[in-house]
Amino acid sequence: AEGGKIKFVANLPYYVTTPIITNMLNSKLDFETLTVMIQKEVAERINAVPGTKAYGSLTVLVQYYCNTEIVRSVPPSSFIPRPKVDSTVIKLTKLSKPRVEVLDEELFFKIVRQVFNMRRKTLANNLRAMGYSKELSEEILTKAGIDLLARGETLSVEMFGHLSNIIKEIS
């Protein structure tokens, strides 16, 4: 693959799908596309939109680096022996640069992990759990244009980037 773009195509073992995709993205591996057959629920999480139950930290990680596209569903009847789960082929197309420009990528992902580890808490409460005072949390959210009662699952990847940039600038 020297000098060329890599296109991965695989049927990943379902129990290691998330770690493999996470490692590929975090390693900054220069690939063009990653087309994989994975468990339907994981594909739905990767391709989710804000405000849905499936939307989570995996969604934000993948969509930070890639465009996602569900290619097709694959029913259990397509396999012998027949699995107990549905499968989906999903295509991840790597962006030339991350979806949003962040000042501190480590801070960006720290915020994302915090928010989805405590997804029922408001963003203000999540910021307080990260060590920011009530007043500073409210200032950050106000400056970001985010409702003080908003939950993290409602933020787009771009809004997470905006929030992390404001936190970086203020702190």
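# Exercises on strands, rings and a buried isoleucine

In this predicted model, 7 bridges join strand E2 to strand E4 (residues 87-94), and the two strands run antiparallel.

## Exercise 1: the neighbours of E2

**Task.** Which strands pair with E2, and in which direction do they run? Find a residue opposite Met-37 and one opposite Thr-35.

**Solution.**

1. Start with E4. The E2–E4 pairing is antiparallel and has 7 bridges.
2. Pick a position in E2. Met-37 stands opposite Val-89 in E4.
3. Turn to strand E1 (residues 6-11). E1 and E2 run parallel, joined by 6 bridges.
4. Pick a position here too. Thr-35 in E2 stands opposite Val-9.
5. Trace the connection. From E1 the chain passes through helix H1 (residues 17-26) and on to E2. This β-α-β crossover is right-handed.

## Exercise 2: the surroundings of E2

**Task.** Why is strand E2 described as largely enclosed?

**Solution.**

1. Take the range. E2 covers residues 31-39, which is 9 residues.
2. Apply the cut-off. A residue is buried under 20% relative accessible area.
3. Count. In E2, 7 of the 9 residues are buried.
4. Conclude. E2 is largely enclosed by the rest of the structure because 7 of its 9 residues are buried.
5. Set the background. Of the 171 residues of the protein, 40% count as buried.

## Exercise 3: rings around Phe-109

**Task.** Classify the ring pairs that Phe-109 forms with Tyr-64 and with Tyr-65.

**Solution.**

1. Choose the descriptors. Centre distance and plane angle describe a pair of aromatic rings.
2. Recall the cut-offs. Centres must lie within 6.5 Å; planes under 30 degrees apart count as stacked, over 60 as edge-to-face.
3. Get the total. The structure holds 8 aromatic pairs.
4. Take Tyr-64 and Phe-109. Their centres are 5.3 Å apart and their planes meet at 80°, so the pair is edge-to-face.
5. Place this pair. Tyr-64 sits in helix H3 (residues 57-65) and Phe-109 in helix H4 (residues 105-117), 45 residues apart. Tyr-64 and Phe-109 are buried.
6. Take Tyr-65 and Phe-109. With 6.4 Å centre to centre and 25° between the planes, the pair is stacked.
7. Place the second pair. Tyr-65 is in H3 and Phe-109 in H4, so the pair ties together parts 44 residues apart in sequence. Tyr-65 and Phe-109 are both buried.
8. Extend the network. Ring pairs link Tyr-64, Tyr-65, Phe-108 and Phe-109 into a cluster.

## Exercise 4: Ile-140

**Task.** Is Ile-140 buried or exposed, and which residues does it touch?

**Solution.**

1. Locate the residue. Ile-140 is part of helix H6 (residues 134-144).
2. Check the area. Its relative accessible area is 1%, so Ile-140 is buried.
3. List the contacts. Leaving out residues up to four places away in sequence, Ile-140 touches Leu-127, Tyr-132, Leu-163, Ile-166, Ile-167 and Ile-170.
4. Compare sequence with space. Ile-140 and Ile-170 are 30 residues apart in sequence, yet their C-alpha atoms lie 7.7 Å apart.

## Exercise 5: the whole chain

**Task.** How many helices and strands does the protein have, and in what order do the elements run?

**Solution.**

1. Count the elements. There are 7 helices and 4 strands.
2. Read from the N terminus. The order is β-α-β-α-α-β-β-α-α-α-α.
3. Add the extent. The C-alpha trace spans about 60 × 40 × 20 Å along its principal axes.
4. Check the contacts. Among those between residues at least 6 apart in sequence, 67% join residues at least 24 apart.
5. Finish with the surface. The accessible surface comes to about 9500 Å², with 52% belonging to carbon and sulfur atoms.

Conventions:
Residues are numbered from 1 along each chain as its sequence is written. This is a predicted model: local features need pLDDT of at least 70, side-chain atom pairs count only at pLDDT 80 or more; totals for chains, interfaces and linings use all residues. Side-chain values use heavy atoms; hydrogens and water are left out. Buried means under 20% relative accessible area, exposed over 50%, partly exposed in between (1.4 Å probe, protein chains only). Two strands pair if DSSP finds at least two bridges between them. A crossover is right-handed if, with the strands pointing away from the viewer, the path from the first strand over the helix to the second runs clockwise. Rings of Phe, Tyr and Trp (its six-membered ring) pair if their centres lie within 6.5 Å; planes under 30 degrees apart count as stacked, over 60 as edge-to-face and the rest as tilted. Contact means heavy atoms within 4.5 Å. Accessible areas come from the Shrake-Rupley method with a 1.4 Å probe; for residues, only the protein chains shown count as cover.
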